[in-house]
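Work through the exercises below with the sequence and the model open. Each task is followed by a solution in steps.

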Amino acid sequence: MTERSVDAVIVGAGFGGLYMLHRLRKLGLTAQVVEAGDGVGGTWYWNRYPGARCDIQSLEYSYQFSDELQQQWDWSERYATQPEILRYINHVADRFELRRDVRFNTRVTTADFGETKNRWKVGTDTGDTFDTRFVVMATGCLSSANLPPIPGLASFSGDRYHTGRWPHEPVDFTGKRVAVIGTGSSAIQSIPLIAQQAKTLTVFQRTANYSVPAHNKPHDPEKVAELKARYPEYRAQNRQTAFHADFNYSEINVLDVSAAERNAEYEQRWTHGGLPFMASFADLMFVPEANQTAAEFIRGKIRQIVKDPATAKKLTPSGLVGCKRLCVDTNYYATYNLPHVSLVDINEEPIETVTTEGIRTRQQDYGFDAIVFATGFDAMTGSMTRVAIRGRGGRAIQDAWAEGPKTYLGLSVNGFPNLFMITGPGSPSVLTNMLPSIEHHVDWIADCIDWTNQQKVAAIEADAQAQENWVTHVNEVGDTSVYPRCNSWYLGSNVPGKPRVFMPYLGFPPYAEKCRQVVEAGYDGFIKQPEVA
Ligand code: NA7
């Protein structure tokens with residue numbers, strides 16, 4: 001067991017943690033990254049399930065802090081696979097010699113703030129500890145796996161997987177009877193590939209989901225060269241958009257055009273593929289009646305693709321589109337036309353227990369050789385609340401967030417000085433292209449730490465009133481949209497007992513402007529405790 005003293009401990013070696021390390025090193029500070037896995041990559045290290053792929057275009061889902069890096073790295077496809085993204089982040093780790101400051105196979109378990117010296121003591125599951133001035137939680141929004149408390153789980157004699165904790169060695173389902181529980185993005189990406197191998201595949205669905213085709217394809221080298229020639233301009237342009245991504249945003253409202261015109265637009269977006277479907281019309285995510293027209297368009301597609309009317313009916317969502325994250329797929333709905341693939345709606349046929357041999361529903365016993373839990377994550381707060389973080393007066397983060405996460409700008413929490421979050425709740429994070437949003441946060445945090453050093457500020461934390469106002473604002477902005485109108489992990493409603501609060505901030509440009517103004521006004525809304533002379 002060792003104790004090391006550093007300027008900053010960074011929790012997590014994903015895209016956020018690695019860039020944070022790079023930035024802090026450039027400031028001449030000592031930083032230690034602590035990572036539970038045995039490699040870099042965060043989300044892309046853990047989510048190795050078949051078909052795992054980013055739903056933001058690869059040319060945008062990559063770092064822009066180094067022009068040489070973005071010019072020299074070549075993505076092979078429109079949407080990068082998990083293995084390709086993992087190769088990329090490993091390349092970045094090597095290129096910037098980041099690994100030497102990462103402690104792998106070590107999970108941060110505690111973080112205690114000492115008020116006398118304004119320093120944190122960070123504890124780990126290996127017994128090693130760190131004494132540090134700053135803690136940066138780079139723990140990701142979707143990293144705490146959610147395994148539903150279904151009775152009998154431990155008794156299952158077959159193989160059990162969670163998509164977010166997939167084994168490193170390839171899993172072969174050939175000849176196996178496989179169950180998938182869940183129909184979120186991970187299920188929708190993996191089901192078509194699992195179906196190619198499995199003897200039988202049975203999908204257990206709680207909520208039918210909307211998905212649009214990816215139409216993934218290899219990059220056209222000419223188009224890539226053209227874009228790389230104007231990369232900074234392209235990235236700057238995307239920064240001015242709501243989702244921080246190139247979605248070809250329409251400024252026209254659905255309800256201002258005829259049914260024929262809007263269906264032509266949806267058809268064109270469906271053929272183009274991917275999340276730009278959400279930007280078909282300006283009011284789609286704000287006006288329920290407008291949204292229903294897009295929802296009905298996708299429902300029509302499902303009815304066309306899925307041949308068995310009973311299965312098509314079960315697969316057809318009834319609610320609004322996009323308020324639960326829109327999925328992007330390759331052959332998802334068509335997979336249900338295969339004779340060995342079936343769908344169980346657990347609302348009609350609830351799961352009672354997992355048995356030694358498989359799954360028992362209220363109606364029947366199913367035998368399985370493998371069960372895949374594609375049941376998602378304790379999103380946005382789970383990776384914070386699963387660490388015993390104690391701030392001023394020994395107050396636990398779980399208590400501070402008992403009614404839902406309270407943050408200022410998704411960056412800082414009142415009562416937890418010198419602790420920052422990258423893409424924390426209350427920031428645009430998951431409603432945007434994560435990578436540039438991560439870079440924005442890392443730059444903001446690095447600049448703030450640098451400022452505290454220059455200004456001789458010993459501790460900085462969110463002011464309680466500024467935080468309260470921000471939480472109210474996040475919810476008011478969220479309420480102008482359709483997002484809070486369905487159950488989703490954006491609201492924490494996928495985890496039993498979690499407070500229902502809309503966690504992400506809607507709209508990157510106003511958010512970035514607010515962050516800029518806060519800095520310009522000398523870190524307005526933060527309590528700054530001066531160093532004692
Ligand atoms: P998601 O999107 O949270 O999907 C999880 C799925 O698991 C979803 O269909 C859930 O149904 C279902 N689920 C959760 N708990 C249960 C129980 N107890 N029984 C049955 N079904 C359940 O996670 P993913 O990993 O697919 O995707 C996460 C994000 O990663 C995604 O949005 C992209 O941003 C990338 P529900 O809808 O809650 O009724």
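A polar contact is a pair of N or O atoms within 3.5 Å; within protein, one of the two must be able to donate a hydrogen and the other to accept it, and residues adjacent in sequence count only if both atoms are side-chain atoms. The model is a predicted one, in which local features need pLDDT of at least 70 and side-chain atom pairs count only at pLDDT 80 or more, while totals for chains, interfaces and linings use all residues. Residues are numbered from 1 along each chain as its sequence is written, and side-chain values use heavy atoms, with hydrogens and water left out.

**Exercise 1. The ligand**

Task: find which residues come nearest to the ligand, and list polar contacts to its oxygen atoms.

Solution. Step 1: 18 residues surround the ligand, each having a heavy atom within 4 Å of it. Thr183, Ser186, Arg206, Thr207 and Lys324 come nearest.
Step 2: a polar side-chain atom of Thr207 is 2.4 Å from a ligand oxygen. For Thr183 the partner is a polar backbone atom, 2.9 Å from an oxygen of the ligand. A side-chain N or O atom of Trp489 lies 3.3 Å from a ligand oxygen.
Step 3: on its own the ligand has 770 Å² of accessible area, and the protein covers 86% of this. Such areas come from the Shrake-Rupley method with a 1.4 Å probe; for residues, only the protein chains shown count as cover.

**Exercise 2. Domains and core**

Task: state how the protein is divided into domains, then describe the largest nonpolar core.

Solution. Step 1: domain 1 consists of 3-40 + 98-144 + 379-530, and domain 2 of 153-231 + 287-373; these bounds come from an automatic or database domain assignment. Their C-alpha centres lie 32 Å apart. The contact (heavy atoms within 4.5 Å) takes 13 residues from domain 1 and 11 residues from domain 2.
Step 2: a nonpolar core is a set of buried Ala, Val, Leu, Ile, Met, Phe, Trp, Tyr and Cys residues joined through side-chain atoms within 4.5 Å. Buried means under 20% relative accessible area, exposed over 50%, and partly exposed in between, with a 1.4 Å probe and protein chains only.
Step 3: the largest core has 141 residues, of which Tyr63, Ile298 and Trp444 touch the most other members. Helix α14 (residues 434-455) gives the most to this core, nine residues. Helices are DSSP runs of H or I with at least four residues, strands are runs of E with at least two, and both are numbered from the N terminus. Domain 1 and domain 2 each supply at least three residues to this core.
Step 4: another core, of 22 residues, lies apart from it and includes Val108, Ala111, Ala400 and Phe416.

**Exercise 3. Two positive phi values**

Task: are Asn331 and Met380 buried or exposed?

Solution. Step 1: most residues other than glycine have a negative phi. Phi is near 70° in Asn331 and also near 70° in Met380.
Step 2: Asn331 lies in the loop between β11 (327-329) and α11 (332-335), and Met380 in the loop between β16 (370-373) and α12 (382-385).
Step 3: Asn331 is exposed, at 52% relative accessible area, whereas Met380 is buried, at 4%.

**Exercise 4. Gln467**

Task: where is Gln467 found, and which backbone nitrogen lies 2.7 Å from a polar atom of its side chain?

Solution. Step 1: Gln467 belongs to helix α15 (residues 464-479) and is buried, with a relative accessible area of 7%.
Step 2: beyond neighbours within four places in sequence, its contacts include Lys406, Tyr408 and Asn414. The backbone nitrogen is that of Asn414.
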